[in-house]
Amino acid sequence: MARAQTFSLPLDAGDGGQQQSIPSAKKQTPIGTISVGYAYLWADQGGYHRSLNGWLAKPTFNLANGWAVYADASNYYGANRKGSVNLHTYSLGVSKEIFPKPRLKPALFLQMGDSRTSNAGTITNGYALLTGVNFTTPLNKWVSLSIIPAEYVYAHPAGENRNSYNAKFSLVFPFGKKKS
(Lines give C-alpha, C1' and ligand atoms only; values in the text may rest on other atoms or scores of the structure.)
Protein backbone atom coordinates (compact mmCIF):
# COMPACT_ATOMS: atom_id res chain seq x y z
CA MET A 1 0.00 0.00 0.00
CA ALA A 2 1.45 3.33 -1.04
CA ARG A 3 1.29 6.36 1.19
CA ALA A 4 0.70 9.80 -0.18
CA GLN A 5 2.97 12.51 1.13
CA THR A 6 1.76 16.11 1.16
CA PHE A 7 4.08 19.07 1.05
CA SER A 8 3.20 22.72 1.09
CA LEU A 9 5.47 25.29 -0.39
CA PRO A 10 5.21 28.93 0.65
CA LEU A 11 4.71 31.22 -2.28
CA ASP A 12 6.46 34.53 -2.05
CA ALA A 13 3.92 37.28 -2.60
CA GLY A 14 6.36 40.04 -1.82
CA ASP A 15 5.31 40.17 1.83
CA GLY A 16 8.56 38.79 3.25
CA GLY A 17 6.93 35.47 4.16
CA GLN A 18 4.28 37.15 6.27
CA GLN A 19 0.67 36.28 5.72
CA GLN A 20 -1.43 39.08 4.42
CA SER A 21 -4.62 39.70 6.27
CA ILE A 22 -7.87 40.36 4.56
CA PRO A 23 -9.44 43.49 5.99
CA SER A 24 -12.54 42.65 7.97
CA ALA A 25 -15.71 44.59 7.52
CA LYS A 26 -15.66 47.65 9.75
CA LYS A 27 -18.38 47.94 12.32
CA GLN A 28 -20.66 50.75 11.28
CA THR A 29 -20.89 53.66 13.67
CA PRO A 30 -24.30 55.23 14.23
CA ILE A 31 -24.79 58.86 13.23
CA GLY A 32 -25.94 59.50 16.77
CA THR A 33 -27.89 58.35 19.79
CA ILE A 34 -30.89 59.31 21.89
CA SER A 35 -30.52 58.83 25.65
CA VAL A 36 -33.37 58.86 28.18
CA GLY A 37 -33.07 58.09 31.86
CA TYR A 38 -33.05 58.92 35.56
CA ALA A 39 -31.10 61.78 37.15
CA TYR A 40 -30.25 62.44 40.81
CA LEU A 41 -28.97 65.87 41.87
CA TRP A 42 -27.45 66.81 45.23
CA ALA A 43 -28.37 70.45 44.70
CA ASP A 44 -26.74 73.46 46.32
CA GLN A 45 -29.64 75.62 47.53
CA GLY A 46 -27.52 78.56 48.70
CA GLY A 47 -25.75 77.34 51.82
CA TYR A 48 -27.33 73.90 52.14
CA HIS A 49 -27.95 70.95 49.81
CA ARG A 50 -31.12 69.01 48.95
CA SER A 51 -31.62 65.78 47.06
CA LEU A 52 -33.64 66.19 43.88
CA ASN A 53 -34.80 63.43 41.52
CA GLY A 54 -35.65 63.73 37.85
CA TRP A 55 -35.12 62.64 34.28
CA LEU A 56 -32.93 63.45 31.30
CA ALA A 57 -33.13 63.39 27.51
CA LYS A 58 -30.02 63.76 25.38
CA PRO A 59 -29.62 63.60 21.59
CA THR A 60 -25.97 63.05 20.63
CA PHE A 61 -24.21 63.29 17.25
CA ASN A 62 -21.02 61.27 16.79
CA LEU A 63 -17.96 62.88 15.23
CA ALA A 64 -14.60 61.35 14.25
CA ASN A 65 -12.05 59.85 16.66
CA GLY A 66 -14.41 59.32 19.61
CA TRP A 67 -15.67 62.91 19.79
CA ALA A 68 -19.37 63.74 20.07
CA VAL A 69 -21.58 66.81 20.48
CA TYR A 70 -24.93 66.80 22.24
CA ALA A 71 -27.81 68.72 23.75
CA ASP A 72 -28.94 67.81 27.26
CA ALA A 73 -32.27 68.52 28.95
CA SER A 74 -32.38 67.47 32.60
CA ASN A 75 -35.29 68.15 34.94
CA TYR A 76 -35.37 67.72 38.72
CA TYR A 77 -38.12 67.85 41.32
CA GLY A 78 -38.10 67.98 45.10
CA ALA A 79 -38.45 70.38 48.03
CA ASN A 80 -36.31 72.66 50.15
CA ARG A 81 -36.95 74.97 53.14
CA LYS A 82 -39.00 77.36 51.01
CA GLY A 83 -41.23 74.74 49.39
CA SER A 84 -41.26 72.70 46.20
CA VAL A 85 -38.37 72.97 43.75
CA ASN A 86 -38.58 72.52 40.00
CA LEU A 87 -35.13 72.77 38.41
CA HIS A 88 -34.25 72.44 34.71
CA THR A 89 -30.89 72.49 32.97
CA TYR A 90 -30.65 72.93 29.22
CA SER A 91 -27.12 72.67 27.87
CA LEU A 92 -24.89 71.88 24.90
CA GLY A 93 -21.80 69.78 25.32
CA VAL A 94 -18.87 67.90 23.87
CA SER A 95 -17.49 64.52 24.91
CA LYS A 96 -14.39 62.45 24.10
CA GLU A 97 -14.10 58.70 24.55
CA ILE A 98 -10.94 57.71 26.44
CA PHE A 99 -9.46 54.21 26.24
CA PRO A 100 -12.62 52.67 24.70
CA LYS A 101 -13.07 48.91 24.66
CA PRO A 102 -15.84 47.00 22.85
CA ARG A 103 -17.76 46.37 26.11
CA LEU A 104 -16.92 49.60 27.99
CA LYS A 105 -16.57 53.11 26.58
CA PRO A 106 -15.54 55.73 29.15
CA ALA A 107 -15.78 59.37 28.11
CA LEU A 108 -15.00 62.78 29.57
CA PHE A 109 -17.45 65.60 28.92
CA LEU A 110 -17.97 69.33 29.32
CA GLN A 111 -21.25 71.15 28.78
CA MET A 112 -22.62 74.68 29.26
CA GLY A 113 -26.08 76.12 29.33
CA ASP A 114 -28.93 77.49 31.42
CA SER A 115 -30.11 76.42 34.86
CA ARG A 116 -33.71 77.45 35.56
CA THR A 117 -35.10 77.09 39.07
CA SER A 118 -38.67 77.63 40.24
CA ASN A 119 -38.98 77.78 44.03
CA ALA A 120 -41.55 79.44 46.30
CA GLY A 121 -43.02 81.50 43.46
CA THR A 122 -39.62 82.78 42.29
CA ILE A 123 -38.02 81.82 38.98
CA THR A 124 -34.29 82.32 38.47
CA ASN A 125 -32.08 81.55 35.51
CA GLY A 126 -28.33 81.24 35.68
CA TYR A 127 -25.27 80.08 33.80
CA ALA A 128 -24.47 76.38 34.27
CA LEU A 129 -21.20 74.52 33.62
CA LEU A 130 -21.21 70.72 33.93
CA THR A 131 -18.31 68.28 33.67
CA GLY A 132 -17.65 64.66 34.53
CA VAL A 133 -17.10 61.12 33.36
CA ASN A 134 -19.51 58.77 31.59
CA PHE A 135 -19.36 54.98 31.14
CA THR A 136 -21.35 53.28 28.37
CA THR A 137 -21.72 49.55 27.83
CA PRO A 138 -23.81 47.83 25.14
CA LEU A 139 -26.71 45.68 26.32
CA ASN A 140 -27.45 44.46 22.78
CA LYS A 141 -27.10 45.88 19.26
CA TRP A 142 -29.90 48.43 19.64
CA VAL A 143 -29.54 49.66 23.24
CA SER A 144 -26.69 50.53 25.63
CA LEU A 145 -26.56 51.50 29.30
CA SER A 146 -24.93 54.82 30.17
CA ILE A 147 -23.86 55.63 33.73
CA ILE A 148 -22.59 59.00 34.93
CA PRO A 149 -21.41 58.29 38.47
CA ALA A 150 -20.05 61.77 39.07
CA GLU A 151 -20.92 65.05 37.38
CA TYR A 152 -19.91 68.38 38.87
CA VAL A 153 -22.45 71.17 38.29
CA TYR A 154 -21.48 74.82 38.74
CA ALA A 155 -24.41 77.23 38.51
CA HIS A 156 -24.50 81.00 38.92
CA PRO A 157 -28.13 82.04 39.58
CA ALA A 158 -28.80 85.61 40.74
CA GLY A 159 -25.06 86.27 41.21
CA GLU A 160 -24.54 83.35 43.64
CA ASN A 161 -22.02 80.53 43.16
CA ARG A 162 -23.64 77.08 43.51
CA ASN A 163 -21.81 73.74 43.52
CA SER A 164 -23.93 70.64 42.97
CA TYR A 165 -23.31 67.00 42.07
CA ASN A 166 -25.18 64.72 39.66
CA ALA A 167 -25.48 60.99 39.13
CA LYS A 168 -27.37 59.72 36.09
CA PHE A 169 -28.16 56.51 34.29
CA SER A 170 -29.89 56.18 30.97
CA LEU A 171 -30.71 53.88 28.11
CA VAL A 172 -29.00 54.86 24.87
CA PHE A 173 -30.59 54.13 21.48
CA PRO A 174 -28.51 54.52 18.29
CA PHE A 175 -29.92 55.98 15.08
CA GLY A 176 -28.65 56.09 11.49
CA LYS A 177 -25.44 54.66 10.05
CA LYS A 178 -22.40 56.64 8.91
CA LYS A 179 -21.27 55.96 5.35
CA SER A 180 -17.75 54.56 5.11
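Buried, in this report, means under 20% relative accessible area, exposed means over 50%, and partly exposed is anything in between, using a 1.4 Å probe and protein chains only. By that yardstick S35 is buried, with a relative accessible area of 4%.

Some ground rules before going on. This is a predicted model, where local features need pLDDT of at least 70 and side-chain atom pairs count only at pLDDT 80 or more, while totals for chains, interfaces and linings use all residues. Residues are numbered from 1 along each chain as its sequence is written, and side-chain values use heavy atoms, with hydrogens and water left out.

**The overall picture**

The chain has zero helices and eight strands (helices are DSSP runs of H or I with at least four residues, strands are E runs with at least two, and both are numbered from the N terminus). Read from the N terminus, the order is simply β-β-β-β-β-β-β-β. Of the 180 residues in the chain, 33% are buried. Take the contacts (heavy atoms within 4.5 Å) with a separation of 6 or more: 50% of them link residues 24 or more positions apart. The chain exposes about 11,700 Å², and carbon and sulfur atoms supply 62% of that area. Accessible areas come from the Shrake-Rupley method with a 1.4 Å probe, and for residues only the protein chains shown count as cover.

**The core**

Which residues make up the largest nonpolar core? There are eleven: A39, L41, A43, L52, L56, Y76, V85, L87, A128, L130 and V153. Strands β1 (32-44), β2 (49-62), β4 (83-97) and β6 (122-140) each put in at least two residues, and β1 gives the largest share, with three. A nonpolar core here is a set of buried Ala, Val, Leu, Ile, Met, Phe, Trp, Tyr and Cys residues joined through side-chain atoms within 4.5 Å. As background, nonpolar side chains tend to be buried together in soluble globular proteins.

L87 is a handy core member to click on. Not counting residues up to four places away in sequence, L87 touches L41, L52, S74, N75, Y76, S115, R116 and T117. S35, the buried residue from the start, sits in strand β1. Beyond its neighbours within four places in sequence, S35 is in contact with L56, A57, K58, S170, L171 and V172.

**A greasy patch outside**

There is also a nonpolar surface patch of about 570 Å², made by I31, F61, L63, W67, V69, V94 and L110. Patches are built from residues with over 30% relative accessible area and no salt bridge, with like charges joined within 9 Å and nonpolar side chains (Val, Leu, Ile, Met, Phe, Trp, Tyr) within 5 Å. A salt bridge is a side-chain nitrogen of Lys or Arg within 4 Å of a carboxyl oxygen of Asp or Glu. L110, one of the patch residues, lies in strand β5 (residues 105-119) and is partly exposed at 38%.

W67 from that patch also turns up among the contacts of K96, along with N65, G66, P106, A107 and L108, again leaving out residues up to four places away in sequence. K96 is in strand β4, and a polar atom of its side chain lies 2.5 Å from the backbone oxygen of N65.

**Strand β8**

R162 is found in strand β8 and is buried at 18%. What distance separates the side chains of R162 and E160 in their polar contact? The value is 2.6 Å. A polar contact is a pair of N or O atoms within 3.5 Å; within protein, one must be able to donate a hydrogen and the other to accept it, and residues adjacent in sequence count only if both atoms are side-chain atoms.

Y165 is also in β8 (residues 162-175) and is partly exposed at 40%. Y165 and D44 are 121 residues apart in sequence, yet their C-alpha atoms are 8.5 Å apart in space.

**Two loop alanines**

Most residues other than glycine have a negative phi. Here are two alanines with positive values.

| Residue | Phi | Loop | Relative accessible area |
|---|---|---|---|
| A120 | near 55 degrees | between β5 and β6 | 49%, partly exposed |
| A158 | about 50 degrees | between β7 (143-157) and β8 | 64%, exposed |
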